[in-house]
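Here is a short tour for the bench, starting at the ligand and ending among the aromatic side chains. Please have the viewer open as you read.

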Amino acid sequence: METKTTIEPLKNWDIFKQRPLLMTGPCSAETEEQVMETARQLVAANKVDVFRAGIWKPRTRPNSFEGVGAPGLKWLKQVKQEFSIPVATEVATEKHVYEALKFGVDVLWIGARTTVNPFAVQEIANALQGVDVMVFVKNPINPELELWVGAIERIMKAGVKRIGAIHRGFSSYEKTAFRNQPQWQIPIDLRQRLKDLPLICDPSHIGGNRAYLSDISQEAMDLNYDGLMIESHIDPDTAWSDKKQQLTPAALAEMLDQLILRSVDSSDTQFVSTIDELRSQIDIFDDQLLDILERRMQIAETIGQYKKKHNITILQSNRWQEIVNKAIRKANNKGLSPEFISTILKAIHQESITHQMKVMNEHEKI
Ligand code: PEP
Ligand code: MN
C-alpha cells in the first residue's frame, strides 16, 4: 500500500541555501573544545549548512567508543547559539528523540543500523508524532530498497514533512576498497519512487577513507544529489571514531571547492536538440538490445527442446565458462569492464536457464 503523504521539497526548507546542502561536522562529539573548534573552523570556511555530530554511536563491536551521550547535547546547543547554524544528530531510540528535542536539535537522522529494524523505526516515528523537526533516513546496511522506503513511510506517517534520505552505501561480506558499496542504482530508484524526496550523499561512510571522498562526492553531484554529509574533525588522526575517513575543515573546504557543479537542465536550444538527438540514438540501441535478448531467449528455448529430446542437463559449466572468458577478453578491447560483462552475462544466463527450464518441464505441468 502506497502512503499518500506530502514531502516538502528541499528548496522550501529554511536550512537550504544552495546545492549542495552541506551537513558537516565530526563523526562523534568528543569534547566541548573539539565540537566548538570544529564548528568554528567549518563556519569560517563557509562549509557548513547543518552541523552534524554523533552523540550516541552505534558500534559494531562492544568496547568501542559509544558516544558521549546526553551531556554532549549542550555542546550542540552551544554551536547553534554561538554560530547561528542548525545542528543534527543521530537518534536510535525514543529516548534519544526526546533528549535531542529537549536541547533544540534541529535535524535528526536515523542511522543505517536502525533503518533495518522496523520496530526501532516505528518507536522513533511514535516519538516524532506531531513534532515539527527535520528528519533524514539513512539507507539500511543491506541493499534493500523496500526497507528504506518503509522506514521513510513510517516517519512520514507520523506527520513529518521535512524528510529526506541519506545514501551511505551498503555493506558486503567481501573486503572491497570502499567501506560500503555505493550501489548507486538503489538511491536512484528511491528517488523515482518518492518524488521530491531530498537526497544527500554521505561519501565518508561509503568510502571509509578520506582519499575517496572527492571522487564519491563528484559522482553524487553528477547524479544530481541535493547535498553531502561529510565528516570533519580538527585532528582526524586522533578522532575517537572513524579517524581514517575524516578531514580537517581546511582539507574539506579544499576538496569541496574543486567539485564541479553541473546544472540539471539548459534552456540553450542547440544543447537541447543535441541531447535529444543523442538520446534518440540511445533509445534505438536499447530497443535493439531488447530485440537481441528476445531472439537469444528463443534460441535458448530451442536448445532446451533439443536437450530435452536427448535427455541432456541444462547446465553445462564448461560451455558457460568458455562464454564468459571469451566475452571478457573481447570486452577488454571495447572499454567494457570485466565486472560489467560478467554481471550482464550472469543475468542473461540465468534468464536462459529459466526459459530452458520452462521448455524442458512443460509437459509435466499439464
Ligand atoms: C555516522 O553518521 O556517524 C554513522 C554512524 O553513520 P551510519 O549510520 O551511516 O553508519
Ligand atoms: Mn562516522
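## Around the ligand

In this predicted model, a polar side-chain atom of Arg168 sits 2.6 Å from an oxygen atom of ligand 1. Two lysines also have polar side-chain atoms facing ligand oxygens, Lys57 and Lys138. The table puts the three distances together.

| Side chain | Distance from its polar atom to an oxygen atom of ligand 1 |
|---|---|
| Arg168 | 2.6 Å |
| Lys57 | 2.8 Å |
| Lys138 | 2.8 Å |

On its own, ligand 1 has 300 Å² of accessible area, and the protein covers 97% of it. The residues around ligand 1 include Cys27, Arg52, Glu90, Trp109, His205 and Glu231. By character, this shell divides into seven charged, three nonpolar and two polar residues.

## Aromatic side chains

Across the whole structure, a search turns up five aromatic pairs. In one of them, Trp184 and Tyr225 have ring centres 5.8 Å apart and planes at 85°; the pair is edge-to-face because planes over 60 degrees apart count as such. Its partners are 41 residues apart: Trp184 lies in the loop between strand E6 and helix H7, while Tyr225 lies in the loop between helix H9 and strand E8. Both residues are buried.

What about Trp240: where is its place? Look in the loop between E8 and helix H10. Trp240 has a relative accessible area of 41%, so it counts as partly exposed. Among the residues Trp240 touches are Glu30, Arg59 and Phe65. Phe65 is 175 residues from Trp240 along the chain, yet their C-alpha atoms are separated by 6.6 Å.

How values were computed
Residues are numbered from 1 along each chain as its sequence is written. Chains are lettered from A and ligands numbered from 1 in the order in which they are written. This is a predicted model: local features need pLDDT of at least 70, side-chain atom pairs count only at pLDDT 80 or more; totals for chains, interfaces and linings use all residues. Side-chain values use heavy atoms; hydrogens and water are left out. Rings of Phe, Tyr and Trp (its six-membered ring) pair if their centres lie within 6.5 Å; planes under 30 degrees apart count as stacked, over 60 as edge-to-face and the rest as tilted. Helices (H or I, at least four residues) and strands (E, at least two) are DSSP runs, numbered from the N terminus. Buried means under 20% relative accessible area, exposed over 50%, partly exposed in between (1.4 Å probe, protein chains only). Contact means heavy atoms within 4.5 Å. A residue is near a molecule or strand if one of its heavy atoms lies within 4 Å of it. A polar contact is a pair of N or O atoms within 3.5 Å; within protein, one must be able to donate a hydrogen and the other to accept it, and residues adjacent in sequence count only if both atoms are side-chain atoms. Accessible areas come from the Shrake-Rupley method with a 1.4 Å probe; for residues, only the protein chains shown count as cover. Ala, Val, Leu, Ile, Met, Phe, Trp, Tyr, Cys and Pro count as nonpolar, Asp, Glu, Lys and Arg as charged, and the others, Gly among them, as polar. Lists of a residue's contacts leave out its neighbours within four places in sequence.
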